[in-house]
Structure formats: structure tokens, C-alpha cells
Amino acid sequence: MPAETPVVTGYYRYTDIWFEWHQALPDPEDRAPVKAILAHDALVHPDHPLQVEGIKGVQMYMGTFPTGEARLLFSSAQVDYLRYWLHAMQLTKHIIPLPYSDCLLTESNLKTVSPVVYPDGGSLRNAIKIIDKNNKRLKGSNPLVTHRRHLFERVRNFWTGKKGVWCALDFEAWERDHTLLTEFGWSLVGWNAGTQVEDHGHFIVEEAKAFRNSQYVPDHRYNYTFGESEVVKKAVFKQRIHNLIAKLAEYGSVFLIFHDNTQDVKDLNKLGVDLNGLSYVLPDTMPETGIFVIDTADLIGALLGEGDGNKRSLEKTCSLLQIPTKHLHNAGNDANYTLLAMRSMADGDPVDIQREKRWPQQTPAGVKVELKPWQEDSDYSDEEGVLPPVPGYEPTTEEKQNSDVV
């Protein structure tokens, strides 16, 4: 085997490849072609050798370390391909050597690795600045923030793999006795032999019709907005949930999605649902089998950089993600909105880039977003009677007078 053939695959830091690789080449004439092929605007060009069919721009990788710090990466396959392409195009005299082996990061060095796409050179340049700024902010950060950030990136990585089944579940119970279940809802997306499958539903317990909520939460059991509710006997209710969970295993890996999972998992156990092997920890790589819990309360906590242990409600989470909601506290609706919230975050950019896109220039220190009052409370503008002022705008005399009248 030639000495230059990599034995171990992994990833290289973008900065090592961009700044250092060409300088270490033994033949000075090879340095300019290597530098040129790695330039920001060259990488995103449709004729670049690293172009992936169906993707506009360049696909690279975002890796996170145990400390929570992130790094933009090339895969070793990408670096290796560039060496051979440059030589085949007669841009280098010989196949240039790989970077030093000390530069190679294996998956054991990284907590998470997920693909990331940059459509143009400007977005790539900005991403590098954002990553560097956030890494500085992360030094000495809260362990819960670090845990949530790792979870966020792992969910993004698994979701983009389009495997297994992702099923959001929700129970509603009588507010005066949480052991008395009144509703169950689910919403799922799965992949079967590469084909995407979606399903959702809502059960109402017939024997619990008389137990209505109103004091602490609204009762919306008859306001399922995603289809027709099924009113079923208590025994059927239990059996249908058993059947649903058992059928999920046909997809391989099962990801149960909750918004604050504590009570819902207790309800599943109370019904005797087989959750053997249920794990609250996602593995390093996409599993083929197993049942895993994903909590959207932790995902939004990662996005907001919050590490105080408090969890935002589903209503506030959807509001922050700009997902319109209707008739929450209906189990079927809540399950659908929980899945939509997960998909909104998992379909997006890596955590730091996504945060900046959603709440630009609202992270003055660390990685915690400083939300505005109207972002925290969707009814803020109605309560105050005015919308938040546009920065730098000076109202006219007439507007001030009208405001005084109001």
C-alpha cells in the first residue's frame, strides 16, 4: 500500500486545509493550484470538483468537540479526492501528499458531526467568523448548555439521514387527577425502504368525557385540527397505543419526540407499553434499532443557549420558531406541533448559525439569546397597545399626539 494512502478516515479542520496545507507542500509550484481550488468562491462554484449533485454551493461538515466548541471540517474523502483531481487535471506535477496525520480528526475526537451547506462564498466567510466568535463565548459555559448543544447537532445529523421513524406523542389528562387520561395524540414521519411515510391521529377516551378541564388548562379535546378524532373505550385506547408503539419498530430505529417528556413517558409506562431499552442518550452514530427519547424543550434550550434547567412551554417554543398554533392542549394538535417544532430546528443550520438567523445580533455575551419582550410574549404588543419601535425611528408630532390620545 502506498505510504500516501490514508489508513484511517476522518475529518480535517477547514482552517488547517485552507491556511496550512499548501504551505507544507514540498514543491512550491503546487501551492498556488491548491490555494486556488480551496478559495471561498471557488468551493461554491457549480464546476468545483467537490460539487454534490442537487446541492447549490459546497457541502462541508460541522463537528463539535466535548467542550461544545465547533469546527468547520472537510472530510478526509474530500481532501483525498482533491489531490487526485488536481493531478488528473495536470494542475500539479504529482499527487500531492496528505496533510500531517496529526491534523486528522476521527469520530472518537468529536461528539457530533453533521453536514452543512454554504450556497455562496459570502455565507462561507461569515460562517467561519460566527464559529470563531461562538467558540470564544463557549469557554467555561454551563454543562447543561453544552449537553443541549451536542444533542441539537446529533438530532440534526440523524434527521438528515432520513432513516427510522420520528414519532411525536402527547397525552392529556384531567387537571385534578393526572392519572386519569382523557386523550392521546401522535404525529410521525418515517422512512420505509427509502420512501417517506407520514401519519397522525387523535384518540378520546369515552369513559373520561365527563372529566373536563378549565381551571388550569383549556379543554380542547373536540378541537383536533389535523383530522378526525376517534372516541374509543378505555380498553381500546390502551390497546391502540400498544399497537402503535409496537408497529414503530418495523422502521428500525425509533425516535419518540416529546415536549418535556417526564409525564408522557410515565403515562406510557402506566399503560404497560413495551419500552424495553428506552434510552435518553443518543448514540454517536445513527442506530439501526432501539428506542430513543428526543425532547423539543431541550432543543429550543440549545438554540437559545439556556442552561438554567427551566423549560419553555410548547406554545412559547412554537411562537419563537414562528409556527402558528391553534387549540393547544388537544393531544393530537400538541403532537403535531411538537413534530413541527423538531423538524423546524432539525431542518435548519447548525445551532450557532441558526440562532443568528432567527435572532440576529441578540447574543451580546456567551451563547444565550437575549429575547425582546415581544418575542417572549406573543401578546405583548396587544397588551402594550403598540408594536416595538423600529430602531432609529423618530415619531412625528402627529403620531405622538395620537399616541397621547390612546
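This note goes through helix H4, a set of paired strands, the salt bridges and the cysteines of a predicted model.

1. Helix H4 covers residues 76-88, and its length can be checked against its geometry: at 1.5 Å a residue, its 13 residues should span 18 Å, and the end C-alpha atoms lie 19 Å apart, which agrees. Just after the helix, Gln90 takes a positive phi of about 60 degrees.

2. Which residues of H4 are buried? They are Ser76, Gln78, Val79, Asp80, Leu82, Arg83 and Leu86. An α-helix has 3.6 residues a turn, so residues three or four places apart point the same way. The buried residues of H4 pack against several elements, namely the strands E1 (11-13), E2 (58-64), E3 (70-75) and E4 (104-105), together with the helices H1 (14-21) and H2 (31-37).

3. Strand E7, residues 177-192, runs antiparallel to strand E8, residues 195-205, and 10 bridges join the two. Trp191 stands opposite Gln196 in E8. The hairpin that E7 and E8 form has 2 residues between the strands, and in this hairpin Ala193 takes a positive phi near 55 degrees.

4. Strand E8 also pairs with strand E9, residues 230-232, but here the two strands run parallel and 3 bridges join them. In this pairing, Val205 has Val232 in E9 as its bridge partner. A reader following E8 will therefore find an antiparallel partner in E7 and a parallel partner in E9.

5. How many salt bridges does the structure hold? There are 25. One of them joins the side chains of Asp219 and Arg212, with 3.1 Å from N to O. Asp219 counts as buried, at 16% relative accessibility, whereas Arg212 is partly exposed, with a relative accessible area of 42%.

6. Glu306 takes part in a salt bridge with Arg312, where the distance from N to O is 2.6 Å, and in another with Lys368, where it is 3.7 Å. Because Lys368 lies in the loop between helix H12 (351-358) and helix H13 (373-376), while Glu306 lies in the loop between helix H9 (296-304) and helix H10 (314-320), the pair of Lys368 and Glu306 ties together parts that are 62 residues apart in sequence. As for exposure, Glu306 is buried, with a relative accessible area of 8%, and Arg312 also counts as buried, at 15% relative accessibility. Lys368, by contrast, is partly exposed, with a relative accessible area of 40%. Elsewhere, salt bridges that share partners join Arg149, Asp352, Arg355 and Glu356 into one network.

7. Turning to the cysteines, a disulfide is a covalent bond between the sulfur atoms of two cysteines, and the structure holds 0 disulfides. Why does Cys318 form no such bond? The closest cysteine sulfur, in Cys167, is 17 Å from the sulfur of Cys318, and this is too far for a bond. Cys318 is buried, with a relative accessible area of 0%. Cys103 is buried as well, and its relative accessible area is 19%, a value that falls under the 20% cut-off for buried residues.

Conventions
Residues numbered from 1 in each chain as written. Predicted model: local features only at pLDDT ≥ 70, side-chain atom pairs only at ≥ 80, totals over all residues. Heavy atoms only, no water. Disulfide = S-S within 2.5 Å. Buried < 20%, exposed > 50% of the residue type's maximum accessible area, 1.4 Å probe, protein only. Pairing = 2+ DSSP bridges. Helix = DSSP H or I, 4+ residues; strand = E, 2+ residues; numbered from the N terminus. Salt bridge = Lys/Arg side-chain N within 4 Å of Asp/Glu carboxyl O. Expected span 1.5 Å × (residues − 1). Contact = heavy atoms within 4.5 Å.
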